[in-house]
Amino acid sequence: MINNFFIPELNNHVQELWFQQDGSTCHTARATIDLMKDTFGDRLILRFGSVNWPPRSCDLTLLDYFLWGYVKSLVYADKPQTLDHLEDNIRRVIADIRPQMLEKVIENWTSRLDYIRASRGSHMQKSYLKCNATRLSFE
């Protein structure tokens with residue numbers, strides 16, 4: 001998948017991109033890491049790499065606090081029964097994500113960063129998270 005889809009798409013659309021490898025065990029096979037190093041060179045962020053993986057916070061990781069849940073809720077809304085149906089749903093949902101939505105997510109992310117800075121790195125309060133979640137309502 002990486003060789004046949006990800007790298008060609010990456011080369012078609014983005015120059016000088018930095019890639020952040022999340023360190024998940026299933027993503028750290030030597031062959032995968034070597035391929036990422038060959039592709040991104042010094043623009044690769046990973047544990048024990050030239051640019052070390054930063055501390056992880058699901059409060060600050062856009063994919064964790066918003067995108068995966070949003071995509072999953074729409075992909076499984078009609079309970080796909082076949083792999084083809086599931087793949088079609090994934091493609092459709094991803095294609096339907098509007099730039100305005102991503103702009104709101106980034107605005108929310110910067111607000112989260114401000115909160116973390118002001119609280120000197122403490123955990124985000126549930127009331128703050130709930131309030132900001134309503135800002136991400138798009139329907």
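**Exercise 1. Arg30 and Asp34 in helix α2**

Determine how many residues apart Arg30 and Asp34 lie in helix α2, and explain why Arg30 and Asp34 can be related to a helical turn.

*Solution.* Step 1: in this predicted model, helix α2 covers residues 30-40. Step 2: Arg30 and Asp34 are four residues apart in that helix, so about one helical turn separates them. Step 3: side chains of opposite charge can pair when their charged atoms come close. Step 4: the closest N and O atoms of Arg30 and Asp34 are 3.7 Å apart, and the cut-off for a salt bridge is 4 Å. Arg30 and Asp34 therefore form a salt bridge. Step 5: a search of the whole structure finds one salt bridge.

**Exercise 2. Accessibility of the pair**

Classify Arg30 as buried or exposed, and assign Asp34 to its accessibility class.

*Solution.* Step 1: exposed means over 50% relative accessible area, and buried means under 20%. Step 2: Arg30 has 57% relative accessibility and therefore counts as exposed. Step 3: Asp34, at 33%, counts as partly exposed.

**Exercise 3. The chain as a whole**

State how many helices and strands the protein chain has, and describe its burial, contacts and exposed area.

*Solution.* Step 1: the chain contains six helices and two strands, arranged along the sequence as α-β-α-β-α-α-α-α. Step 2: of its 139 residues, 26% are buried. Step 3: among contacts with a separation of 6 or more, 54% involve residues 24 or more positions apart. Step 4: the chain exposes about 10,300 Å², of which carbon and sulfur atoms supply 57%.

Conventions. Residues are numbered from 1 along each chain as its sequence is written. This is a predicted model: local features need pLDDT of at least 70, side-chain atom pairs count only at pLDDT 80 or more; totals for chains, interfaces and linings use all residues. Side-chain values use heavy atoms; hydrogens and water are left out. Buried means under 20% relative accessible area, exposed over 50%, partly exposed in between (1.4 Å probe, protein chains only). Contact means heavy atoms within 4.5 Å. Accessible areas come from the Shrake-Rupley method with a 1.4 Å probe; for residues, only the protein chains shown count as cover. A salt bridge is a side-chain nitrogen of Lys or Arg within 4 Å of a carboxyl oxygen of Asp or Glu.
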